[in-house]
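User: I'd like to know how the labels on this one were earned. Can you take me through the reasoning, label by label?

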Amino acid sequence: MPTGSSKRRLTAGAALVVATALTASACGGDSDGEGNGKGAGYNAGIGKVANKSTKKGGTLRFVAKQDLDSADPQRAYFGMTWDFMRYYTRTLVTYDTKPGAASNKLVPDMATSTAKISNGGKTYTYTLRDGLTWEDGSKLTSKDIKYGIERIWATKVITGGPAYLQKALDPKREYKGPYEDKTEDKLGLDAIKTPDDKTIVFNLAKPNGDFEYMLAMPSGSPVKASKDTGAKYTQRPFSSGPYKFKEYKANQKIELVRNTEWKKSSDPVRPALPDRITVSISKNLEENDKRLMAGDYDIDMNGTGMTQSGRTTAFQKHKDSVDNMETDFVRYVALVTKAKPFDDIHCRKAVFYATDFAGLQKTRGGKVAAGDIATSVFPKAIKGHDDAYDPYGIRKRAGKPDLAKAKDELKKCGKPGGFSTKLTARNDQTGEVEAATALQEQLKKVGINAQIATFSGADSSNLTGSPAVTKKRGYGMVMTGWGPDFPTGQGFGQPLWDSRFIAENGNYNEAQISDPKIDKLFDDAIGTTDLNKAGDLYKKLNKRILDDAVWMPFLYEKNITWRSPRTTNVYSAAAYSGRYDYVSLGVNDKK
Amino acid sequence: MTAPLHDTPADADPTEDVAPAAGAGVRKVEGRTLKQIAWNRLKRDKVALAGGVTVLLLVLVAVFAPLVVGLLGHPPDEFHQEELEDLTNLPKGAFGGMSGDFLFGVEPNKGRDIFSRVVYGARISLLVAFLAAVVAVVLGTIFGIVAGYFGGWIDALISRVMDVLLAFPQLLFIISLVSVLPDELLGLRDNGVRIAVLVMVIGFFGWPYVGRIVRGQTLSLREREYVEAARSLGGGQRHILFRELLPNLVAPVTVYATLMIPTNILTEAALSFLGAGVLPPTASWGSMLRDALGTYEHDPMFMVFPGLAIFVAVLAFNLFGDGLRDALDPKGTR
């Protein structure tokens, strides 16, 4: 959803604040990585499991530039937080612990099976497993799950998390949340029923084929009412998973230790290998890369990839310990259809032809560090992705522009000499202003003069996220990036292209696409519980958006990520935007 | 030019200029203007002259940037990504891709010609530094002379304002100002707005330095006999301020302006470094330094050249300014 997604977007390209960069290498670690074993091999964690092991014990050491946005399961929206939360929260269903795209499959976690769907796709019923416990040993019941989900409604206290469940279950927000709930057990939400301690039934307002994906987000986690500290819950969440908090100092460190009350027999998903998990939070990305390579840490929790400097050293000296992972991020330029001359399809097409996609790719780091040239509006792991459809011949020309066709389109839109417009880029996103500068230079060749406007990512929701400001400032092209909240067409694209999602503020349909056909395709795809059928509809959506030349994807983002040689069971999971699946990790020594 | 009428011995004591040795009528004593005296002294100061020549060169390079780049480089905004390595995106070849074609090498990731960008960067740096110094000198002289001459509550008021401005966190102010600026302002657009703001703000926060010096000088000058004389002859305040006092303030003000330019160059570079300078793709030294930060370990040359440009410009202006001060201020010690 809009607001929250913006946070996920912020994490995507971690900001390199100049001030912190200035102190780079102030206390540099030994970047030669002496004392390090040999890595499992380049890309050993892509599509397969690197260092497969069932060995228990030891300490897994994360480093992170950025702290969890919230440790409270109902308030978290960062992808990396969702990945990390599987250590201490459980959901009815969750992502499979398999490498690559296979991770996008949902498997039962606290439930005995995935949902029994009835009532024309409006009723979802789950039965809970035996032996579910809280960290104090008490039994975890369906009422705890209902209470946890109810917290989403209490938006005055529980801020920041995704609202998908609320929108699917109670779109009019008739329920006011557990803190204003007058019933005795605070379980007043009508849409969720708990006939007994082991059964939970969800009644949707209308069918939504992606509903189980919404339950797999940590916002579908249980919270024990007697342990709910409201806004302070983030400081010490109560664990239902194999680890519990020993220490949490915001923006400094996290330490998790084993939750001895958790029963392996109740949990088919989590191997729970290390005895201890630590996270050290440190703002300096360059320094973090160095210390990873020196063996002081194992994994970067943010998972946003190494810096250019870090990956150059890693490639030169430790290529065996890096993976080139495919994220679910798409870098794109939205062409604002309400801004002149982009109200004319031919002027939009001119941009598609004049853009040197290969040049943009190179500017952001090249094929390996930046990713593949995008020609579909969906990332590769989402059904609806279609690289075969290439109406502008971008793939055929290997990303190079077709200036003759661009000039042709300019003539057709009545601007044979080109035109002037404004291109926005966020200056705290690594590589974005650079890519915008490259695009500016490319478009100049056909007479399109794009002045670059830069601002911080935090400001974007009030600038490009506001149609009024976009109009006032004359923004014509918006360069940014986007990743899905859950891996379906709805979870990726509805905020971007559905006209009903255009908001006065925090709008992500930057192009202001207002096309009844697109809206209808979303409704049809969401209405079906058959994911393949939905995928076909999303393919049509992909075609429609590209044909209309309103939203120009240019890169399926990739990262270069470090895994220490001592880390075991490492694999990149599409479900967490290509990050390693944290819950599976272990270490092979007792340190 | 005011060439000196007589050669002075190279080893002469500087004070000799003011009162040439009355060598038993060997030379006829002639009055010399301040300009002549200063030029004589400056000419003997080799370090200052070197600074002056460098400053002149920098100005010429900045003015004729298109010509220089046309002869020796590539257009500053042109991408040459074929000059970059496949995997690392760093320049091919040693020393950041330095070659006959790319004198200072190319940028990582984009492959733009660093030489051309350093040359064009000089335009922004010098333009902003000069204009800001002009703003500071004009404001500083006006307020300084008024405060010094009139004294009383006017002096107190202006002096307190100067104190406030000197204590003001200038960098923070500009950074926040730039982030709320509109794209168009008073008929200027985009980069025009940015440059105007840099000039006005740097100049505005710089005038109290000039103002204090001018005020101090005025305080002592207004008690001099010739001012008394002018007053007793019925000279109006405007006459005394601009005809009697101002000409005698030219020397210190000139010196201070010259010494202010390198400070302004540094301020502009710092602001560009922090992202509050000109907009991309326009080159400026500070923003080049920032761009170079990400790869300084593997491609140090990208950081060396803009850094060197700032260093040379600041040093040259400082040396020249110091020499000028020595030349214009006979009482000053070397």
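**How the labels were earned**

Analyst: Start with a pair of helices in chain B of this predicted model: helix 4 of chain B goes past helix 7 of chain B in a right-handed crossing.

User: What makes the crossing of helix 4 and helix 7 of chain B right-handed?

Analyst: The label is right-handed because the near helix is turned clockwise from the far one. As for the geometry, the axes of helix 4 (residues 114-150) and helix 7 (residues 191-221) of chain B come within 5 Å and cross at roughly 35°. By class, the contact between helix 4 and helix 7 of chain B has 25 nonpolar, eight polar and two charged residues.

User: Why is B:Val253 called buried?

Analyst: The cut-off is 20 or more other C-beta atoms within 10 Å. B:Val253 has 20 of them within 10 Å, so B:Val253 is buried.

User: Where does B:Val253 lie, and which residues is B:Val253 in contact with, leaving aside neighbours within four places in sequence?

Analyst: B:Val253 is part of helix 9 (residues 237-273) of chain B. Its contacts, with those neighbours left out, are B:Val137, B:Thr141, B:Val210 and B:Val214. In contact means C-beta atoms within 7 Å. As for B:Ala122, 131 residues separate it from B:Val253 in sequence, and the C-alpha to C-alpha distance is 24 Å.

User: Over to chain A. How do you know that strand 8 and strand 9 of chain A pair?

Analyst: Pairing takes at least two bridges. Strand 8 (residues 243-249) and strand 9 (residues 253-258) of chain A have six bridges between them, so they pair, and they run antiparallel. In that arrangement A:Lys244 sits opposite A:Val257 of strand 9. The hairpin of these strands has three residues between them, and there A:Asn251 takes a positive phi near 65°.

User: What makes strand 9 and strand 10 of chain A a pair?

Analyst: Five bridges join strand 9 of chain A to strand 10 (residues 276-281) of chain A, so the requirement of at least two is met. These two strands also run antiparallel. One of the bridge partners is A:Val279 in strand 10, which goes with A:Ile254.

User: Why is helix 7 of chain A called mostly covered?

Analyst: Nine of the nine residues in helix 7 (residues 285-293) of chain A are buried. Among them are A:Leu285, A:Glu287, A:Lys290 and A:Met293. Just after this helix, A:Gly295 takes a positive phi of about 90°.

Methods:
Residues are numbered from 1 along each chain as its sequence is written. Chains are lettered from A and ligands numbered from 1 in the order in which they are written. This is a predicted model: local features need pLDDT of at least 70, side-chain atom pairs count only at pLDDT 80 or more; totals for chains, interfaces and linings use all residues. A residue is buried if 20 or more other C-beta atoms lie within 10 Å of its own, exposed if 12 or fewer, and partly exposed in between; C-beta atoms are placed from the backbone. Two residues are in contact if their C-beta atoms, placed from the backbone, lie within 7 Å. Axes are lines fitted to C-alpha atoms, for helices over the stretch in contact, and angles run from 0 to 180 degrees between N-to-C directions. Ala, Val, Leu, Ile, Met, Phe, Trp, Tyr, Cys and Pro count as nonpolar, Asp, Glu, Lys and Arg as charged, and the others, Gly among them, as polar.
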